[in-house]
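Reader: I've just opened this one and could use a friendly tour. Can we go through it in questions and answers?

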Amino acid sequence: MFKEKLSCCPLCESKDISFKYEIVSYSNKFTTDICRSCGFIFMNPQFDDETIKKFYSEEYYSGKSDYSYVDERQIKKYSSYVWDSRIKIIKKFADSGNFLDVGCAFGGFLERASRFYAPFGIEISDYAAAHAKTLFGNNIHHGTIFDHPFEDSNFSVITMIELIEHLAEPRRAIEECYRLLKKNGLLVIQTANMDGLQAKKAGPKYEYFMPGHLSYFSKKNLCNLLRATGFSSIK
C-alpha cells in the first residue's frame with residue numbers, strides 16, 4: 001500500500017526533513033513531512049502507484065468512496081463559467097495552437113478550450129479517460145505525464161488544474177512540461193498555497209490534505225521550482 005519512506009525532499013533533495021502532520025480524516029490515513037530547506041510538504045511514505053490508481057475509479061467521481069470528487073458532467077453548466085474565465089486569461093498569453101490539459105478528467109475543460117485550440121489531454125483514471133476519448137479520440141492519452149506519446153515543443157499551452165498536488169515527482173513533471181512546450185509557451189498551474197492563512201489556521205484539518213494529494217506547495221517554492229526548470233516569466 002505504501003512505498004518506502006523518503007529520506008530527502010522530492011523537490012530540492014535536502015535531507016533536512018521532519019514530521020509535519022498525521023492525517024486521520026480518511027480510512028486511508030497518512031503522514032506528511034516538511035522540508036526545512038524549501039518548505040515543501042509531502043506525503044511520506046507515499047501510497048504506491050497501484051493504490052493511487054485505484055483511488056480514481058467510478059466511485060471516486062460518484063461520491064461513493066471515502067475519498068471522492070465531483071463528476072464535472074453533473075455540473076457542466078456551472079463549471080463552464082469557470083472554464084471560460086480561465087480560457088479568457090489564457091488567451092491573453094497564447095491565443096491559438098495545441099492545448100494540453102494534464103489531468104483532463106472527462107474533458108469538459110478541453111471542450112471549452114477546443115473553440116480556440118487543438119485539444120489534447122492526459123488522464124490516469126480508466127473511467128474518466130474512457131469518456132474523454134469519446135470526445136477527442138486518440139488526442140487523449142490514458143496514462144501520465146511521464147508515459148505520453150507527445151513530441152517535444154508541441155504545445156502552446158499546458159494546463160495542470162488541481163493536478164500537481166497529485167504527483168509524487170512534481171519536479172520531473174514540470175521539467176517534462178517545459179520540454180513539451182514551444183518557445184514562449186504557457187504553463188498554467190492551479191494548486192493550494194500552503195503558506196496561505198487558511199492552510200496555516202486549519203493545520204492537519206485543512207481540507208487539501210487528501211489521500212490522493214502527495215505534494216503540497218507554497219507560492220515561494222513553486223515559483224522557485226519553475227525558475228529552476230527554465231521558466232522565465234512567472235505571474
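Author: Sure, and one term before we start: partly exposed means a relative accessible area between the buried limit, under 20%, and the exposed one, over 50%. Also keep in mind that this is a predicted model.

Reader: Good. Is Lys5 buried, exposed or partly exposed?

Author: Take the two limits, under 20% for buried and over 50% for exposed. Lys5 has a relative accessible area of 48%. That value falls between the limits, so Lys5 counts as partly exposed.

Reader: Which residue forms a salt bridge with Lys5?

Author: The closest N and O atoms of the pair are 3.7 Å apart, and a salt bridge needs them within 4 Å. The partner is buried, with a relative accessible area of 5%. Lys5 lies in the segment before S1 and the partner in strand S2, so the pair ties together parts that are 28 residues apart in sequence. The residue you're after is Asp33.

Reader: How are the strands of the open sheet ordered?

Author: Let's build it up from the pairs. S1 and strand S2 (residues 30-35) pair in the antiparallel sense over 6 bridges, and a hairpin of 6 residues joins S1 to S2. Strand S3 (residues 41-43) is joined to S9 by 2 bridges, also antiparallel. With 4 strands in the open sheet, the order is S1-S2-S3-S9.

Reader: Which strands stand at the edges of that sheet?

Author: The order of the open sheet is S1-S2-S3-S9. An edge strand here has a single partner strand, so one side of it is left without a neighbour in the sheet. That picks out strand S1 (17-23) and strand S9 (215-216).

Reader: Which residue in S9 stands opposite Ile41?

Author: S3 covers residues 41-43, and its bridges go to S9. Ile41 stands opposite Tyr216.

Reader: Where is the largest pocket, and how much space lies in it?

Author: Its lining takes in 48 residues, and those nearest its centre are Tyr56, Gly103, Glu162, Leu163 and His166. Helix H1 (49-55), H2, H3, strand S4 (98-102) and strand S5 (118-123) each supply at least two lining residues. The space in this pocket comes to about 1200 Å³.

Reader: And what is the volume of the largest cavity?

Author: The structure holds 1 cavity of 30 Å³ or more. Its lining includes Glu72, Arg73, Trp83 and His131, and the elements giving two or more residues to that lining are H3, helix H4 (108-113) and helix H5 (126-136). The volume is about 40 Å³.

Reader: Arg73 is in that lining; which residue does its side chain meet in a salt bridge?

Author: Arg73 is partly exposed at 30% relative accessible area. The partner is buried, with a relative accessible area of 8%. The N to O distance is 2.9 Å, and the partner is Asp71.

Reader: Which helix holds both Arg179 and Glu176?

Author: Their side chains meet in a salt bridge, 2.4 Å from N to O. Arg179 counts as partly exposed at 33%, while Glu176 is buried at 15%. The two are 3 residues apart, about one turn, and both lie in helix H6.

Reader: Last one: which residues make the nonpolar surface patch of about 550 Å²?

Author: One of them sits in the loop between helix H2 (58-62) and helix H3 (76-90). This loop residue is partly exposed, with a relative accessible area of 48%, and patch residues need over 30%. The patch is made by Tyr69, Val70, Ile75, Tyr78 and Tyr81.

Technical notes: Residues numbered from 1 in each chain as written. Predicted model: local features only at pLDDT ≥ 70, side-chain atom pairs only at ≥ 80, totals over all residues. Heavy atoms only, no water. Patch = residues over 30% accessible without salt bridge, like charges linked within 9 Å, V, L, I, M, F, W, Y side chains within 5 Å. Areas by Shrake-Rupley, 256 points an atom, 1.4 Å probe, with all protein chains shown as cover. Buried < 20%, exposed > 50% of the residue type's maximum accessible area, 1.4 Å probe, protein only. Pairing = 2+ DSSP bridges. 1 Å grid on protein atoms, 1.4 Å probe; cavity = no way out; pocket = protein on both sides within 12 Å on 5 of 7 lines; lining within 4 Å. Points joined across faces, edges and corners; volume = space filled by probe spheres on them.
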